[in-house]
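Dear colleague,

Please find below the structure that I am handing over to you, followed by an account of what was found in it. I would be grateful if you could read the account with the model open.

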Amino acid sequence: MRDLICGAQVEEIEDAFSLEYEGKTYYFCSERCRETFHMKVTQERVTFPLTGRGAPS
Ligand SMILES: [Zn+2]
């Protein structure tokens, strides 16, 4: 699947950088992207996947 932060292709493997959020598991290329995602969903209330038109205000 895709890293939702930087768009990199990531493998869904056990030791990948992953995060479970609201019943779904998300995968990232790095710890940095995982932390960014976590910050966005918890602090900025961003909903993933993004629609491509920016976050609704
Ligand atoms: Zn990334």
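In this predicted model, strands S1 and S2 run antiparallel and are joined by 5 bridges. The two strands make a hairpin in which 2 residues lie between them. S1 covers residues 17-21, and S2 covers 24-28. Glu22, in the turn of this hairpin, has a positive phi of about 50 degrees, although Glu22 is not a glycine. Glu22 counts as exposed because 8 C-beta neighbours lie inside 10 Å, and the cut-off for exposed is 12 or fewer.

The hairpin belongs to a chain whose elements follow the order β-β-α from the N terminus. In total, the protein chain has 1 helix and 2 strands.

At the start of S1, Phe17 deserves separate mention. Phe17 is found in S1 and stands opposite Phe28 in S2. Setting aside residues up to four places away in sequence, Phe17 touches Tyr27, Phe28, Cys29, Ser30, Glu31, Cys33 and Arg34. One of these residues, Ser30, is 13 residues from Phe17 along the chain, and their C-alpha atoms are separated by 6.0 Å. Is Phe17 buried or exposed, given 17 C-beta neighbours inside 10 Å? Phe17 counts as partly exposed, because 17 neighbours fall between the limit of 12 or fewer for exposed and that of 20 or more for buried.

I turn next to the helix. H1 comprises residues 31-44. The 14 residues of H1 should span 20 Å at 1.5 Å a residue, and the end C-alpha atoms are 19 Å apart, so the two values agree. Just after H1, Arg45 takes a positive phi of about 60 degrees; Arg45 is a residue other than glycine. Arg45 lies in the segment after H1 and is exposed, because 8 other C-beta atoms are within 10 Å.

Which residues form the largest nonpolar core? This core has 7 residues, namely Leu4, Val10, Tyr26, Tyr27, Phe28, Cys33 and Phe37. S2 and H1 are the elements that give two or more residues to this core. The largest share, 3 residues, comes from S2. Across the protein chain, buried residues make up 14% of the 57 residues.

Val10, a member of this core, has contacts with several parts of the chain. Leaving aside neighbours within four places in sequence, Val10 is in contact with Met1, Arg2, Asp3, Ala16, Tyr27, Phe28 and Cys29. Among these contacts of Val10 are Tyr27 and Phe28, which are also members of the core.

The segment before S1 also holds Cys6. Apart from residues up to four places away in sequence, Cys6 touches Cys29 and Cys33. Cys6 and Cys33 are 27 residues apart along the chain, and 7.2 Å separates their C-alpha atoms. Cys33 itself is listed in the largest nonpolar core and is also touched by Phe17. Cys6 is partly exposed because 13 other C-beta atoms lie within 10 Å, whereas exposed would require 12 or fewer. For the protein chain as a whole, 25% of the contacts between residues at least 6 apart in sequence join residues at least 24 apart.

Finally, a word on confidence. The protein chain averages a pLDDT of 88, and 88% of the residues score at least 70. Among the elements, S2 has the lowest mean pLDDT, 94, and H1 has the highest, 96. Where pLDDT is low, the predicted coordinates should not be read in detail.

With kind regards

Note on methods:
Residues are numbered from 1 along each chain as its sequence is written. This is a predicted model: local features need pLDDT of at least 70, side-chain atom pairs count only at pLDDT 80 or more; totals for chains, interfaces and linings use all residues. Helices (H or I, at least four residues) and strands (E, at least two) are DSSP runs, numbered from the N terminus. Two residues are in contact if their C-beta atoms, placed from the backbone, lie within 7 Å. The expected span of a helix is 1.5 Å times one less than its number of residues. A nonpolar core is a set of buried Ala, Val, Leu, Ile, Met, Phe, Trp, Tyr and Cys residues joined through C-beta atoms within 7 Å. Two strands pair if DSSP finds at least two bridges between them. pLDDT is the predictor's confidence in each residue, from 0 to 100.
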